[in-house]
Amino acid sequence: MNINPKRLAEHFDILSQYGKIGENGICRPTLSRIEKETFEIVSKWMREAGMSVRIDNFGNLIGRLEGKWANAPVLMMGSHLDSQPYGGRFDGVSGVLAGVEVAKAMTEQGIIPDVPIEVISFCDEESWRFKKGLFGSRGIAGMLEPDELSRKDKDGVSREQALREFGCHPEYLQESIYPPGKIGAYFELHIEQGPVLESLQQPLGIVTGIAGPSWFTITLEGFAGHAGSVPMHLRQDALLGAAEIVIAVNRIVRQEPQSSTVGTVGSLRVFPDSPNIIPEKVEFTVDLRDVDKIRRDLYEKQIKDIVAQTAKTYNLSYTIQQDMKNDPRYCTDWMMQILHDESSNMSLSCPELMSGPFHDAVIMSYLADFAMIFVRCKDGISHNPAEFATSEDLSLGTELLFRAALRTIEKLTDKIVNCV
Ligand SMILES: [Zn+2]
């Protein structure tokens with residue numbers, strides 16, 4: 001191995017104390033005192049790896065290892081150090097610590113990369129504090145929306161205030177944006193957050209793309225009445241309609257059993273929510289995701305058609321409100337090929353899989369070529385203190401990242417040479 005598994009495991013152990021709750025849980029809100037302390041210890045490791053360190057105006061922690069070609073497009077690696085309020089020790093942390101370890105291993109071996117390397121911990125990937133995540137990656141990509149700094153957390157602290165308290169200068173956000181072409185390639189190593197690799201008994205997977213979510217809220221409206229006195233044939237029961245639609249969502253997304261499509265109704269509210277009143281109004285969400293945009297849009301249409309039909313059957317009115325819709329993003333072929341080649345050199349046969357959850361990589365895909373490595377996690381559990389990945393798997397993933405980083409640097413250098 002080129003990387004040092006013992007050092008890597010120690011770094012995970014140390015970070016698991018920052019924001020620790022209970023036995024194995026982590027609560028590290030974005031832009032908090034505890035995240036600042038986490039940045040300080042990770043900065044120390046970045047400096048030990050030969051990097052210069054800065055926190056930009058979006059609250060991203062960035063370590064930079066200079067390359068022979070100072071102005072060449074950067075090879076960037078990273079993820080995030082903030083966590084869910086009741087989160088685990090590996091989500092996000094894995095990508096940052098793997099990046100730091102890759103840089104450290106290169107420095108130890110006396111490798112001076114041809115292009116600069118940057119390791120980044122993105123600000124507020126998790127979204128729960130200000131109800132809008134991927135802040136740091138959207139920031140450097142110039143993709144923030146106008147009102148973002150005025151969003152407040154539950155204590156009334158605005159994002160702007162939190163950034164200032166963190167030591168950032170939100171009036172100079174513009175200076176922290178990466179212009180197009182500045183980042184040549186981006187790698188993110190992340191725990192899978194799902195059960196596929198474990199079921200295949202494989203430590204690592206190569207991500208093909210990040211699913212495009214379509215989220216919408218359906219509201220059905222009927223008529224309330226006494227559960228004891230209104231005869232069945234005269235009812236307009238909104239919950240009956242909702243029940244049929246919930247079942248239909250499940251049926252529609254299973255049409256191609258081998259496909260990566262997933263659909264979930266995860267939140268449902270019934271009004272007036274009383275045991276002896278016929279439900280007048282039901283509001284529920286649909287979370288539909290697929291890496292195949294055409295199929296996702298087809299299923300979305302099928303679901304909406306079923307809503308219309310069901311409303312008619314039960315004599316209900318309905319509205320459908322689109323809450324979010326993003327396109328799937330596909331990992332870059334040449335970077336995936338490097339991951340395949342290098343993993344077979346390590347005698348691994350990494351399966352390809354789609355990412356259902358988002359990652360900062362989804363935003364980075366607009367700025368640079370990108371690829372992702374998934375690391376097996378126990379029982380597919382994440383966003384939970386029970387989240388677990390073994391040191392062995394994390395070391396294998398980091399070693400693959402090291403090898404892929406070297407090959408990517410060669411490729412980026414070839415591009416510069418060809419331009420010159
Ligand atoms: Zn994450």
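**Close-ups of a predicted two-domain model**

**View 1. Ala224, a partly exposed loop residue in domain 2.** With 18 C-beta neighbours inside 10 Å, Ala224 comes out as partly exposed, since a residue would need 20 or more to count as buried. Keep in mind that this is a predicted model. Ala224 sits in the loop that links β9 (212–221) to α7 (238–253). Which residues does Ala224 touch, leaving aside its neighbours within four places in sequence? They are Pro272, Ile277, Ile278 and Glu280. Lys152 is 72 residues away from Ala224 along the chain, and 37 Å lie between the two C-alpha atoms.

**View 2. The cis bond before Pro272.** Pro272, one of the contacts of Ala224, belongs to the loop between β11 (268–271) and β12 (281–290). Look at the peptide bond that runs from Phe271 to Pro272: it is cis, with omega near 0 degrees. That is worth a second look, because most peptide bonds are trans.

**View 3. Two loop residues with positive phi.** Most residues other than glycine have a negative phi, so here are two to check on the backbone. Lys131 has a phi near 60 degrees and lies in the loop between β6 (117–121) and α4 (135–140). For Asp379, phi is near 55 degrees, and the loop in question runs between β16 (369–375) and α11. Are these residues buried or exposed? Lys131 counts as exposed because it has 10 C-beta neighbours inside 10 Å. Asp379 has 11 such neighbours inside 10 Å, so it is exposed too; the cut-off for exposed is 12 or fewer.

**View 4. Helix α1 and its buried face.** Zoom in on α1, residues 5–15, and find Leu8, His11 and Leu15, which are buried. Why do they line one face of the helix? Seen down the axis of α1, the buried residues fall within an arc of 60 degrees, so they share that face. The spacing makes sense on general grounds: an α-helix has 3.6 residues a turn, so residues three or four places apart point the same way. What lies over the buried residues of α1 includes α2 (33–48), α3 (93–108) and α11 (391–419). Turned away from that buried side is a face carrying Lys6, Glu10 and Asp13, which are exposed.

**View 5. Strand β6, covered along its length.** Five of the five residues of β6 are buried. Ile117, Val119 and Ser121 point one way from the strand, Glu118 and Ile120 point the other way, and all are buried. Note that this buried set includes Glu118. Now for the neighbours of β6. Strand β4 (residues 61–65) pairs with β6 in the antiparallel sense over five bridges, and Leu65 has Ile117 as its bridge partner in β6. Strand β5 (residues 74–79) runs parallel to β6, and five bridges join the two. To find your place in that pairing, look for Met77, whose bridge partner in β6 is Val119. Together, β5, α3 and β6 form a right-handed β-α-β unit. Helix α3 turns up in View 4 as well, where it helps cover the buried residues of α1.

**View 6. Strand β8 and its three partners.** In β8 (residues 204–210), six of the seven residues are buried, so the rest of the structure largely encloses the strand. Which strands pair with β8 in the antiparallel sense? One is β16, over three bridges, and another is β14 (residues 329–330), over two bridges. Strand β15 (residues 352–355) is parallel to β8 and is joined to it by three bridges. Ile206 makes a handy landmark: it stands opposite Ile373 in β16, and its bridge partner in β15 is Glu352. Further along β8, Ile210 stands opposite Arg329 in β14.

**View 7. Where the two domains meet.** Domain 1 is made of 5–210 + 328–419, and domain 2 covers 212–325. Taken over C-alpha atoms, the centres of the two domains are 37 Å apart. How many residues of each domain take part in the contact? Five residues of domain 1 touch seven residues of domain 2. On the domain 1 side, two of the touching residues are nonpolar, three are polar and none are charged.

Notes: Residues numbered from 1 in each chain as written. Predicted model: local features only at pLDDT ≥ 70, side-chain atom pairs only at ≥ 80, totals over all residues. Arc of directions from axis to C-beta. Domains from an automatic or database assignment. Nonpolar A, V, L, I, M, F, W, Y, C, P; charged D, E, K, R; others polar. Pairing = 2+ DSSP bridges. Right-handed = clockwise from strand over helix to strand, strands pointing away.
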